Amino acid sequence: MLNINPYTIFSLITIIVLLLYKLKWSLLYPVLSLPLLIFFFILIIGCLILSLILKDRIEFSENIKSQSIYEYKKIYGIIVIIVCIGTLLDGIYSHGFPIFGTIKYGDDFGVPFLHTFTSILASFITYYLAMVLTFGKKRNLKILLLFMLSIICIVLPFSRLLIILTLLNYFWSLLFFKGNKSKLSIKKVLTYFIILIGVLYGFGILGNYRLNVQTGVYGTDVRDSTLIYRIGVPSQKFIDSKIPSAYFWDYIYITSSLGNLQNIINEKQDENGSINEFLITQFTPDVFSKRIYPNFSTEVTENTYQYRVAPVLNVGTVFFNSYYLYNYLGISMMLLFIWLFPLAYLLFLQNLGEKNFVYGLSILNTIYFLLFFDNMFTLSVLSLQLFIPLIAGIIGRSSRN
């Protein structure tokens, strides 16, 4: 059984980012301090130990038969209808959809609260219908039609983040079943590596194209990375490395969060928050925390702008805002939460049905895969999905009793 869980994912991502950062391919980045390196060493060791504990305590997962748990139910069709109605109301409220250019990407879209609820349901039902089409015994035109409608409801708001989150949830579930049944060979590893290299190069090319369009530099070769070079300031070491310039996009996106974190550690000394503000803004989905502390996001942006390695590179890992509020005490409390939450959540979830366990594990994997870039616990459209397998499992167990 592949031991793919939130702890192994987060520790692996941390190691990769640290190694890439050490390549010093950007002149913007500060040197990593010894206290921060020690902190990440403790983080990695703790995650690896907890990963082994989680593997030993959750043993039933090897016996899950995907074909027997993913079958179409009428409730899926009802959910798709609800999602379609919610998406339509969002479009009416906002006088159009972002994908058609009526609303600029990044602007507020949809009915407050309702849009978040619709997005969560859209991601959930798209994932489940994909699992039914992949593993279910019955695959008919009706299921495919519902699946296409759910995809349309995700695409219309043009939320690239929502699309990525849904794809990641599906990927982890697919890996859960396929990875436990097939052995990795050198051929497979090379194939996956080539695909990854291709995807990363494509990301850089698309980044060049988007930046060219945004700045009005039309007709420029999409392989020309001049604009991202101006933002990320590559070192001569990278320029002389013969690596295609498009990959500099990937390097900057992956490592800039660590540079921002080190900058705020270097420059900021005073604590800025109360314990209530810390707990609510760092561990509560933003759809709720924004109602209690509506100015928090603006305050952090204004007070930490000078700590960014570049003005447009605004992510700082899951620990950035914690450090802003409570310095090393803040990131230590965040680390403790990161260590304890999956263990408690999954041990509780394993008694609520196999399908719910796999879905909950996939959501956690997605959250921890992205933690090094931002605080995914506060992202409502993702973190609130954690309640879906819990609610479904409790309802299912009650109906059986």
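These are my notebook entries on the nonpolar core, the cysteines and one serine of this structure.

**Entry 1, the core.** I began by noting that the model I am reading is predicted. I then looked up the largest nonpolar core, which holds 106 residues, and asked which of its members touch the most others. They are Phe40 and Phe319. Turning to where the core's residues come from, I found that helix H15, spanning residues 320-349, gives the largest share, with 14 residues.

**Entry 2, Phe319.** I listed the contacts of Phe319, leaving aside residues up to four places away in sequence. Phe40 is one of its partners, together with Phe10, Phe39, Leu43 and Leu261, and the list is completed by Ile331, Met334, Leu335 and Ile338.

**Entry 3, the cysteines.** How many disulfides are there? The count comes to zero. I checked Cys84 in particular and found it in no disulfide, the nearest cysteine sulfur being that of Cys153, 3.8 Å away. Since a disulfide requires the two sulfur atoms to lie within 2.5 Å, I left Cys84 unpaired in my notes. Cys84 counts as partly exposed because its relative accessibility is 25%, whereas Cys47, at 0% relative accessibility, counts as buried.

**Entry 4, Ser322.** Is Ser322 buried or exposed? I recorded it as buried, because its relative accessibility is 0%. Ser322 has its place in helix H15, the helix I had already met as the source of the largest share of the core. Again setting aside residues up to four places away in sequence, I found that Ser322 touches Phe278 and Gln282, and also Asn327, Gly330, Ile331 and Met334. Ile331 and Met334 were familiar to me from the contacts of Phe319.

Methods
Residues are numbered from 1 along each chain as its sequence is written. This is a predicted model: local features need pLDDT of at least 70, side-chain atom pairs count only at pLDDT 80 or more; totals for chains, interfaces and linings use all residues. Side-chain values use heavy atoms; hydrogens and water are left out. A nonpolar core is a set of buried Ala, Val, Leu, Ile, Met, Phe, Trp, Tyr and Cys residues joined through side-chain atoms within 4.5 Å. Buried means under 20% relative accessible area, exposed over 50%, partly exposed in between (1.4 Å probe, protein chains only). Helices (H or I, at least four residues) and strands (E, at least two) are DSSP runs, numbered from the N terminus. Contact means heavy atoms within 4.5 Å.
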